[in-house]
Amino acid sequence: MPLYLSRFSYTPETWARLIGHPEDRAQAAKSYIESVGGKLHGFWYAFGTHDGYNLWEAPDNVSMAAVALAISGGGALSSFETTVLLTVDETLAALRTAEQVQYRAPGA
């Protein structure tokens, strides 16, 4: 199954609610991805541009998009970005296939 890396930030209102009622949001994230047949591999909070990161496994892009849409539509986040991660083997296959693409630079 494909892996996905998500970066998220909470709204100030969400942080205020969590301060008043601390909870393990990794458990919530786990239930979201499991509802589409996926798996949560990690959930971390961080300093910096984003408040946290998730590493997910989902059956396909549609399943992961459904989870991302549901979370984004919930209103608790100020940002939510997801990146599809490629394995080394997938990247090697893409590199081999890239030779067959007849790319032309703009204006060339």
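**Figure 1. Helix α3, end to end, in a predicted model.** Let's start with α3, which is built from 12 residues. From its first C-alpha to its last it reaches 16 Å, close to the 16 Å expected at 1.5 Å a residue.

**Figure 2. The two sides of α3.** Look for Ser63, Met64, Val67, Ala68 and Ile71: these are the buried residues of the helix. Viewed down the axis of α3, they fall within an arc of 135°, so they line one face of the helix. Here's the general idea behind that kind of pattern: an α-helix has 3.6 residues a turn, so residues three or four places apart point the same way. Over on the other side of α3, you'll find Val62, Leu69 and Ala70 exposed. What do the buried residues of α3 pack against? Their partners are β1, α2, β3 and β4.

**Figure 3. The largest nonpolar core.** This core has 17 residues, and the ones with the most contacts inside it are Ile33, Phe43, Trp56, Met64 and Phe80. Which elements give two or more residues to it? They are β1, α2, β2, α3 (61–72) and β4. The largest share, 4 residues, comes from α3. As a general rule, nonpolar side chains in soluble globular proteins tend to be buried together.

**Figure 4. Zooming in on isoleucine 33.** Leave aside its neighbours within four places in sequence, and isoleucine 33 still has plenty to show: its contacts are Gly38, Lys39, Leu40, Trp56, Glu57, Ala58, Met64 and Val67. Two of these names, Trp56 and Met64, also turn up among the core residues with the most contacts.

**Figure 5. The open sheet and the helix across it.** Four strands make up this sheet, in the order β2-β3-β1-β4, and their pairing is antiparallel. Why do β2 (39–45) and β4 (77–85) each have a side without a neighbour in the sheet? They stand at the edges with a single partner strand each, so one side of each is left free of a sheet neighbour. From one strand to the next, the twist averages 15°. Helix α2 (residues 25–34) lies across β1 (3–10), β2 and β3, and it runs at about 150° to β2.

**Figure 6. Where β2 meets β3.** These two strands pair in the antiparallel sense over 6 bridges, with β3 covering residues 52–57. For one example, find glycine 42: its bridge partner in β3 is leucine 55.

**Figure 7. Histidine 50 in its loop.** You'll spot histidine 50 in the loop between β2 and β3. Is it buried or exposed? Its relative accessible area is 11%, and under 20% counts as buried, so histidine 50 is buried. Not counting residues up to four places away in sequence, histidine 50 touches Arg7, Phe8, Ser9, Ser79 and Glu81.

Notes. Residues are numbered from 1 along each chain as its sequence is written. This is a predicted model: local features need pLDDT of at least 70, side-chain atom pairs count only at pLDDT 80 or more; totals for chains, interfaces and linings use all residues. Side-chain values use heavy atoms; hydrogens and water are left out. Two strands pair if DSSP finds at least two bridges between them. Axes are lines fitted to C-alpha atoms, for helices over the stretch in contact, and angles run from 0 to 180 degrees between N-to-C directions. Contact means heavy atoms within 4.5 Å. Buried means under 20% relative accessible area, exposed over 50%, partly exposed in between (1.4 Å probe, protein chains only). A nonpolar core is a set of buried Ala, Val, Leu, Ile, Met, Phe, Trp, Tyr and Cys residues joined through side-chain atoms within 4.5 Å. The expected span of a helix is 1.5 Å times one less than its number of residues. The arc is that of the directions from the helix axis to the C-beta atoms.
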